[in-house]
Amino acid sequence: MPEPAAVTPREGHAFPVAVICLVILVLWYLAAIPMNWVVTAPKIEAAGGGAANILLFSWNETRPVIPAPHQIMIEMWNAIFMVKPWLPKSLVYHGWVTLSSTLLGFLLGTLLGILLAIGIVHSRILSKSLMPWIIASQTVPILAVAPMVIVVLGSIGFTGLVPKSLISMYLCFFPVTIGMVKGLTSPETTQLDLMRTYHASRSQVLWKLRFPASVPFLFTSLKVAAAIALTGAIVGELPTGAIAGIGARLLQGSYYGQTVQIWAALFVAAFVAASLVWLVGAAERLTLKRMGARP
């Protein structure tokens, strides 16, 4: 009896994802009608009513409460492909400003998280004293922390990229620390005992056993950290009244009631975050392949 053909991940997941996206799209268009009714009702009545006018005004309002998906796509097309990327009206320009602080904060947060995890694993004092504070640090709302960081650093001359990067670092070091602690402590007792029989030093145990075992945990944490690092960069742009960056684009849209502009900026932020997560996933697959892991 012939075996059934193997289904690749792309074939197995593309159709369900497409169906979910289609359902979301339909529900979005339907929700735009009642959500925009306060704005569109007078125009619909003036035009004589009817289903055609309801759809026309609900899905093409200049300043809607919630824009239709095609309005967001048109705004993104105009702000990405119809404007030179170095001009302030370009979403590419704003995206790069936010991405630069995101990448720096992501790098700093990753290094800090790995160093803290190594210290916690090798020191009982740090494990008992430092870990509770690391967990407690994430209970403080970032919207409360960001203005204080901006003001304090601004008073000593640090402005621009550094404060936003530190806010990103504040958010993304936590998942890296937790993931690396879990990964560094994942080797079994028998493996650790075997290293001791070889008279391996603590540094040799770290680099030859603990760190290789922690790689899958590290990349899982990095995927989370990459996404929230972008959130930290955007939040860091809000208290400063920045004129560049996705956060600045959101502020400008809220000041002038340009909801389509706000949604377009949000979609660009989501695309950037998804791209960062994809890049981390690609690096994970390449690294595990080089380490000899099974696909």
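Biologist: In this predicted model, which helix holds Trp207 and Phe211, and how many residues apart are they?

Modeller: Both lie in helix α10, which covers residues 202-237. They are 4 residues apart, about one turn of the helix.

Biologist: What makes Trp77 and Phe81 an aromatic pair, and why is the pair called tilted?

Modeller: Ring centres must lie within 6.5 Å for a pair, and planes under 30 degrees apart would be stacked while those over 60 would be edge-to-face. Trp77 and Phe81 are 4.6 Å apart centre to centre, with 40° between the planes, so they pair and the pair is tilted. A search of the whole structure finds 5 aromatic pairs.

Biologist: Is Trp77 buried, exposed or partly exposed, and what about Phe81?

Modeller: Trp77 has a relative accessible area of 48%, and exposed means over 50%, buried under 20%, so Trp77 is partly exposed. Phe81 has 56%, which is over 50%, so Phe81 is exposed.

Biologist: Why is the pair of Trp207 and Phe211 called tilted?

Modeller: The ring centres are 5.4 Å apart and the planes stand at 45°. That angle is neither under 30 degrees nor over 60, so the pair counts as tilted.

Biologist: How do you know which class of exposure applies to Trp207 and to Phe211?

Modeller: Trp207 has a relative accessible area of 53%, over the 50% limit, so Trp207 is exposed. Phe211 has 21%, which is not under 20%, so Phe211 counts as partly exposed.

Biologist: Which residues do ring pairs link into a cluster?

Modeller: The cluster consists of Trp28, Trp263 and Phe267.

Biologist: What are the angle and the axis distance between α8 and α10?

Modeller: Helix α8, residues 161-184, packs against α10 at an angle of about 155°, and the axes are 6 Å apart.

Biologist: Why is α8 called roughly antiparallel to α10?

Modeller: Angles over 145 degrees count as roughly antiparallel. The angle here is about 155°, so α8 and α10 meet that condition. Their crossing is right-handed.

Biologist: What kinds of residue make up the contact of α8 with α10?

Modeller: The contact residues divide into 18 nonpolar, 8 polar and 4 charged.

Biologist: How many disulfides does the structure hold?

Modeller: It holds 0 disulfides, which means that no pair of cysteine sulfur atoms lies within 2.5 Å.

Biologist: What makes Cys172 buried, and why is Cys21 called partly exposed?

Modeller: Cys172 has 0% relative accessibility, which is under 20%, so Cys172 is buried. Cys21 has a relative accessible area of 47%, between the 20% and 50% limits, and is therefore partly exposed.

Methods:
Residues numbered from 1 in each chain as written. Predicted model: local features only at pLDDT ≥ 70, side-chain atom pairs only at ≥ 80, totals over all residues. Heavy atoms only, no water. Phe/Tyr/Trp six-rings, centres within 6.5 Å; stacked < 30°, edge-to-face > 60°. Buried < 20%, exposed > 50% of the residue type's maximum accessible area, 1.4 Å probe, protein only. Helix = DSSP H or I, 4+ residues; strand = E, 2+ residues; numbered from the N terminus. Axes fitted to C-alpha atoms, helices over the stretch in contact; angles between N-to-C directions. Parallel < 35°, antiparallel > 145°, perpendicular 65-115°, else oblique. Left-handed = near helix turned anticlockwise from the far one by under 90°. Nonpolar A, V, L, I, M, F, W, Y, C, P; charged D, E, K, R; others polar.
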